[in-house]
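Before reading on, please take a moment to turn the structure below and follow its chain from one end to the other. The paragraphs after it go from the overall fold to the core, and then to one helix.

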Amino acid sequence: MSQRRISISLFALLFVAYIGLFAWQQAVFFQKQESFYDELHAVMESSREGDWARAAEKAENVENMWERGKVIISIKSGGTNQALLNISLKQLKGAIKEKDLKSAIREGETSVMLFENLTSVTPRF
């Protein structure tokens with residue numbers, strides 16, 4: 001096999017693998033009735049309304065969705081943003097448990113921004 005054929009084959013394999021990861025990501029985070037974003041926004045909205053039980057339920061849904069999909073993100077990008085999102089989601093649950101509206105909104109918005117960076121083709125900082 002020539003060097004050119006090997007290079008083209010490797011490029012094609014990497015391209016197909018990357019597309020596959022994005023498809024898997026879409027299936028886990030965005031193909032449900034409520035997407036990851038919808039659930040995070042529902043957490044923040046419930047917190048604003050003072051419905052802490054619903055906010056806790058939605059936060060649990062967000063955490064479960066993240067647990068199912070974080071392997072995809074690890075393979076695709078990983079790194080600091082993933083660790084920061086883990087921390088932010090834990091702090092969001094803590095803020096809801098303490099019924100701290102300001103912290104719940106801040107952590108919800110932080111989680112949205114970090115998740116966007118992790119799932120986009122070109123992250124923003």
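**Contacts, fold and core**

In this predicted model, among the contacts of the protein chain between residues at least 6 apart in sequence, 70% join residues at least 24 apart. The chain that makes these contacts has five helices and zero strands, and when it is read along the sequence it follows the pattern α-α-α-α-α.

The overall dimensions come next. Along its principal axes, the C-alpha trace of the protein chain spans about 65 × 30 × 20 Å, and its radius of gyration is 18 Å, whereas a compact globule of 125 residues would have a value near 14 Å. Of the 125 residues, 38% count as buried, while the chain exposes about 7600 Å², of which carbon and sulfur atoms supply 58%.

Which residues touch the most other members of the largest nonpolar core? In this core of 27 residues, they are F29, F36, W66 and I96. The elements that give two or more residues to the core are α1, α2, α3, α4 and α5, and α3 gives the most, with eight residues. If residues up to four places away in sequence are left aside, F36 touches F29 and W66, and also V62, M65, L89 and F115.

F115 leads on to helix α5, where this residue is among the buried ones, together with others including A104, I105, V112, L114 and L118. The buried residues of α5 pack against α1 (3-29), α2 (36-49), α3 (52-76) and α4 (80-98). The length of α5 can be checked as well: at 1.5 Å a residue, its 19 residues (101-119) should span 27 Å, and because its end C-alpha atoms are 27 Å apart, the expected and computed values agree.

The start of α5 deserves a closer look, since polar side chains are found there too. A side-chain oxygen of D100 reaches to within 3.4 Å of the backbone nitrogen of K102, and the side chain of D100 is also joined to that of S103 by a polar contact of 2.7 Å. S103 itself lies in helix α5, and its side chain makes a polar contact with the side chain of R106 (3.4 Å). Is S103 buried or exposed? Its relative accessible area is 14%, and because buried means under 20%, S103 counts as buried.

Note on methods
Residues numbered from 1 in each chain as written. Predicted model: local features only at pLDDT ≥ 70, side-chain atom pairs only at ≥ 80, totals over all residues. Heavy atoms only, no water. Helix = DSSP H or I, 4+ residues; strand = E, 2+ residues; numbered from the N terminus. Expected span 1.5 Å × (residues − 1). Buried < 20%, exposed > 50% of the residue type's maximum accessible area, 1.4 Å probe, protein only. Contact = heavy atoms within 4.5 Å. Polar contact = N/O pair within 3.5 Å; in protein donor to acceptor, adjacent residues only side chain to side chain. Core = buried A, V, L, I, M, F, W, Y, C linked by side-chain atoms within 4.5 Å. Rg over C-alpha atoms; globule rule 2.2 N^0.38 Å. Areas by Shrake-Rupley, 256 points an atom, 1.4 Å probe, with all protein chains shown as cover.
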